[in-house]
Amino acid sequence: MATIDITGLEPAAVVAALYNHARPVGLGVGVDGSDGQLNVAEVRRLLDEVPTISVRQAPPSDLPYADIFGNLFINYLQGRPLYVSITGSMLDTDRYDRDHGAGAAERVVDNLKRG
């Protein structure tokens with residue numbers, strides 16, 4: 001599991017940067033807003049509305065969601081495959097890198113840290 005320490009970064013800023021780096025694929029190309037960028041305020045609003053999913057519920061595939069422990073999961077967001085999870089200050093990026101290239105998430109986070 002590839003993880004990146006995002007201590008000191010706002011999760012909404014990390015998600016926005018990853019989203020803006022990703023490109024829509026497949027049917028995601030036709031999703032409203034998939035051709036635009038997301039800013040931190042928009043992502044913050046999305047994350048404020050995240051549903052909590054129990055182990056007996058099927059998670060949504062196109063919206064962020066949290067588990068009962070507060071861990072954040074994002075599969076697709078507005079037509080773009082992110083497949084990341086945030087647990088505390090750790091970002092799991094295995095599947096993001098699979099879809100966007102080896103080390104892609106680390107480069108995005110490094111750019112965010114540099115400002």
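## A walk through the fold

The protein chain holds four helices and five strands. The model is predicted. Along the sequence, these elements follow the pattern β-α-α-β-β-β-β-α-α. The radius of gyration of the chain is 13 Å, close to the 13 Å that the globule rule gives for 115 residues, so the chain is as compact as a globular protein of that length. Its C-alpha atoms fill a box of roughly 40 × 35 × 30 Å along the principal axes. Of the 115 residues, 43% are buried. Contacts also reach across the sequence. Among those with a separation of 6 or more, 51% join residues 24 or more positions apart.

Start with the sheet. Five strands form an open sheet, and their order is β1-β5-β4-β3-β2. The pairing is antiparallel. The edges belong to β1 and to β2, residues 65–66, and each of these pairs on one side only. Inside the sheet, look at β4, which spans residues 80–87. It pairs with β5 in the antiparallel sense, over three bridges. Here Ser85 stands opposite Asp92 of β5.

Strand β3 covers residues 72–77, and Asn75 lies within it. Is Asn75 buried or exposed? Its relative accessibility is 19%, so Asn75 counts as buried; the cut-off for buried is under 20%. Which residues does Asn75 contact, beyond its neighbours within four places in sequence? They are Pro60, Ser61, Tyr65, Arg80, Pro81, Leu82 and Tyr83. Tyr65 belongs to the edge strand β2. Arg80, Pro81, Leu82 and Tyr83 fall in β4.

Arg80 and Pro81 also lead to another part of the chain. Both are touched by Arg23, which is found in the loop between α1 and α2. Helix α2 runs over residues 40–48. Arg23 touches Gln37 and His100 as well, leaving out residues up to four places away in sequence. With 48% relative accessibility, Arg23 counts as partly exposed. Arg23 and Asn111 are 88 residues apart in sequence. Their C-alpha atoms are 18 Å apart in space.

Now turn to the helices at the end of the pattern. Helix α4 spans residues 104–114. Its buried residues are Ala104, Ala105, Val108 and Val109. Seen down the axis of α4, these buried residues fall within an arc of 130 degrees, so they line one face of the helix. A general rule helps here. An α-helix has 3.6 residues a turn, so residues three or four places apart point the same way. What covers this buried face? The cover includes β1 (3–5), α1 (11–21), β5 (90–92) and α3 (94–100). Both strands and helices are thus named in that cover. After α4 comes Gly115, whose phi is positive, near 90 degrees.

Helix α3 holds one more residue to inspect, Asp97. Asp97 is buried, yet has no salt bridge. Which side chain of opposite charge is nearest to Asp97? It is Arg107, 6.6 Å away. A salt bridge would need a side-chain nitrogen within 4 Å of a carboxyl oxygen. Apart from residues up to four places away in sequence, Asp97 touches Ala102, Gly103, Ala104 and Ala105. Ala104 and Ala105 are among the buried residues of α4.

Methods:
Residues numbered from 1 in each chain as written. Predicted model: local features only at pLDDT ≥ 70, side-chain atom pairs only at ≥ 80, totals over all residues. Heavy atoms only, no water. Helix = DSSP H or I, 4+ residues; strand = E, 2+ residues; numbered from the N terminus. Buried < 20%, exposed > 50% of the residue type's maximum accessible area, 1.4 Å probe, protein only. Contact = heavy atoms within 4.5 Å. Arc of directions from axis to C-beta. Pairing = 2+ DSSP bridges. Lys, Arg positive; Asp, Glu negative; His and termini not counted. Rg over C-alpha atoms; globule rule 2.2 N^0.38 Å.
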